[in-house]
Amino acid sequence: MPVAPRAVIASLSEVTSLPGVDLSFRDAHRLRKTDEYSSVFAFRRALKGRWFIVHYRPNGLDSARLGVVVAKKLARRASLRNLLKRIVRENFRKMRAGLPACDLIVRLHAKADDATRAMLNEDVSRLLARLPRATQQPESGG
């Protein structure tokens, strides 16, 4: 029985990658620990969009790092929560090279049941584009 040849699936990063620009989303670009999240929330700087809020804090590193918070209260279905997190991570991955060196937490703040993927993508990309380019370093002192 003849088998049809498989279609070649190229990831978006392979198709749109520019020479010398890293579009990956490595472990070093993620916020993992509770203390990292707490310090960003404690810095109390945020930008609000239609569905998302971006909390940010300068990190003193050479690139931005991302954390995503999607509460069950606002997105009951796990599939919707996972979709929202994928949308945020993909937008961050594409824009990371142009973002300031900040720790970012993107948090859902309104129900997104009626939103389309395009509307969610636009909301996230607008928020990331609005981040202040020259952010001051947080004062150390604990």
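Trainee: In this predicted model, which residue of strand 4 stands opposite proline 58?

Mentor: Cysteine 102 in strand 4 stands opposite proline 58.

Trainee: What makes strand 2 and strand 4 a pair?

Mentor: A pair needs at least two bridges between the strands. Strand 2, residues 52-58, is joined to strand 4 by 7 bridges, so the two count as paired. They run antiparallel.

Trainee: How do you know that strand 3 and strand 4 are paired, and do they run parallel or antiparallel?

Mentor: The cut-off is again at least two bridges. Between strand 3, residues 65-69, and strand 4 there are 5 bridges, and the strands run parallel. Glycine 67, for example, has isoleucine 105 in strand 4 as its bridge partner.

Trainee: Why is strand 4 called mostly covered?

Mentor: Buried means under 20% relative accessible area. Of the 7 residues in strand 4, residues 102-108, 6 are buried.

Trainee: What do strand 3, helix 3 and strand 4 make together?

Mentor: They make a β-α-β unit, and a left-handed one. Helix 3 covers residues 78-95.

Trainee: Why are helix 3 and helix 4 called oblique to each other?

Mentor: Their axes cross at roughly 45 degrees. Under 35 degrees would count as roughly parallel, and 65 to 115 as roughly perpendicular. The value fits neither range, nor over 145, so the helices are oblique. The axes come within 10 Å, and the crossing is right-handed.

Trainee: Which residues of the two helices meet?

Mentor: Among them are Leu83, Ile87 and Phe92 in helix 3, and Leu120, Val124 and Leu128 in helix 4.

Key. Residues are numbered from 1 along each chain as its sequence is written. This is a predicted model: local features need pLDDT of at least 70, side-chain atom pairs count only at pLDDT 80 or more; totals for chains, interfaces and linings use all residues. Side-chain values use heavy atoms; hydrogens and water are left out. Buried means under 20% relative accessible area, exposed over 50%, partly exposed in between (1.4 Å probe, protein chains only). Helices (H or I, at least four residues) and strands (E, at least two) are DSSP runs, numbered from the N terminus. A crossover is right-handed if, with the strands pointing away from the viewer, the path from the first strand over the helix to the second runs clockwise. Axes are lines fitted to C-alpha atoms, for helices over the stretch in contact, and angles run from 0 to 180 degrees between N-to-C directions. A crossing is left-handed if the near helix is turned anticlockwise from the far one by less than a right angle, and right-handed if clockwise. Contact means heavy atoms within 4.5 Å.
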